[in-house]
Amino acid sequence: KSAGIAVAFIPLVAVTREVRAGSNQAKRVELKYQDVPLDGKSCTSCLEFVPGKTEQDVGRCKVIPGDDEISPNGYCSLWNTM
């Protein structure tokens with residue numbers, strides 16, 4: 001019985017992971033987010049950035065909810081090191 005329940009959840013987990021990945025375009029525009037650094041400032045050195053699995057992988061930003069496609073080389077107007 002437990003195996004049947006586990007198998008039933010596999011498609012749900014797969015769909016949930018796909019739905020979770022995305023970007024918050026409205027907030028990106030508001031914060032003037034760009035995928036390239038500005039004057040040596042990048043998401044990698046920002047306190048709001050949550051890195052991905054490796055240094056090159058996309059991550060998340062604490063101030064852009066629902067967005068887990070933030071480039072470590074990106075920049076926005078809320079760049080913060082304090």
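## Overall fold

Read from the N terminus, the chain runs α-α-β-β. That amounts to two helices and two strands. The model is predicted. Of the 82 residues in the chain, 24% are buried.

Contacts reach far along the sequence. Taking pairs at least 6 residues apart, 64% of the contacts join residues at least 24 apart.

## Confidence

The mean pLDDT of the chain is 84, and 74% of the residues score at least 70. The elements differ in this respect. Helix H1, residues 2–20, has the lowest mean pLDDT of the elements, at 50. Strand E1 has the highest, at 97. Within residues 12–19 the pLDDT falls below 50. This stretch makes zero contacts in the model beyond near neighbours in sequence.

## Nonpolar core

Which residues form the largest nonpolar core? There are eight: Leu31, Tyr33, Cys43, Phe49, Cys61, Ile64, Ile70 and Cys76. In soluble globular proteins, nonpolar side chains tend to be buried together.

Cys76 is one of these core residues. Outside its neighbours within four places in sequence, Cys76 contacts Leu31, Lys32 and Tyr33. Leu31 and Tyr33 also belong to the core. Lys32 is exposed, with a relative accessible area of 62%.

## The cavity

How many cavities of 30 Å³ or more does the whole structure hold? The search finds one. The volume of the largest cavity is about 90 Å³.

Its lining comprises 13 residues. Cys43, Cys46, Glu48, Cys61 and Cys76 lie nearest the centre of the cavity. Cys43, Cys61 and Cys76 are also members of the largest nonpolar core. By class, the lining has twelve nonpolar residues, no polar ones and one charged.

## The loop between H2 and E1: backbone

Helix H2 spans residues 25–30, and strand E1 covers 49–50. Lys32 sits in the loop between them. Its phi is near 55°, a positive value in a residue other than glycine.

Asp39 lies in the same H2–E1 loop. Its phi is also positive, near 50°, and again the residue is not glycine. Is Asp39 buried or exposed? Asp39 counts as exposed because its relative accessibility is 72%, where the cut-off for exposed is over 50%.

## The loop between H2 and E1: distant partners

Pro37 is another residue of the loop between H2 and E1. Pro37 is partly exposed, with 42% relative accessible area. Which residue is 38 places from Pro37 in sequence but 5.3 Å away in space, C-alpha to C-alpha? That residue is Tyr75. Leaving out residues up to four places away in sequence, Pro37 touches Ser42, Asn73 and Tyr75.

Ser45 also belongs to the H2–E1 loop. Its relative accessible area is 35%, so Ser45 is partly exposed. Ser45 and Thr81 are 36 residues apart along the chain, yet their C-alpha atoms are separated by 6.8 Å. Apart from neighbours within four places in sequence, Ser45 is in contact with Trp79, Asn80 and Thr81.

## Around the strands

Pro51 is placed in the loop between E1 and strand E2, residues 60–61. Pro51 is exposed, with a relative accessible area of 55%. The C-alpha atoms of Pro51 and Ser71 are 8.9 Å apart, with the two positions 20 residues apart in sequence numbering.

Arg60 lies in strand E2. At 38% relative accessible area, Arg60 is partly exposed. Its C-alpha atom is separated by 9.5 Å from that of Cys43, which is 17 residues away along the chain. Cys43 is a residue of the largest nonpolar core and is listed among those nearest the centre of the largest cavity.

How values were computed:
Residues numbered from 1 in each chain as written. Predicted model: local features only at pLDDT ≥ 70, side-chain atom pairs only at ≥ 80, totals over all residues. Heavy atoms only, no water. Core = buried A, V, L, I, M, F, W, Y, C linked by side-chain atoms within 4.5 Å. Buried < 20%, exposed > 50% of the residue type's maximum accessible area, 1.4 Å probe, protein only. Contact = heavy atoms within 4.5 Å. 1 Å grid on protein atoms, 1.4 Å probe; cavity = no way out; pocket = protein on both sides within 12 Å on 5 of 7 lines; lining within 4 Å. Points joined across faces, edges and corners; volume = space filled by probe spheres on them. Nonpolar A, V, L, I, M, F, W, Y, C, P; charged D, E, K, R; others polar. Helix = DSSP H or I, 4+ residues; strand = E, 2+ residues; numbered from the N terminus. pLDDT = per-residue confidence, 0-100.
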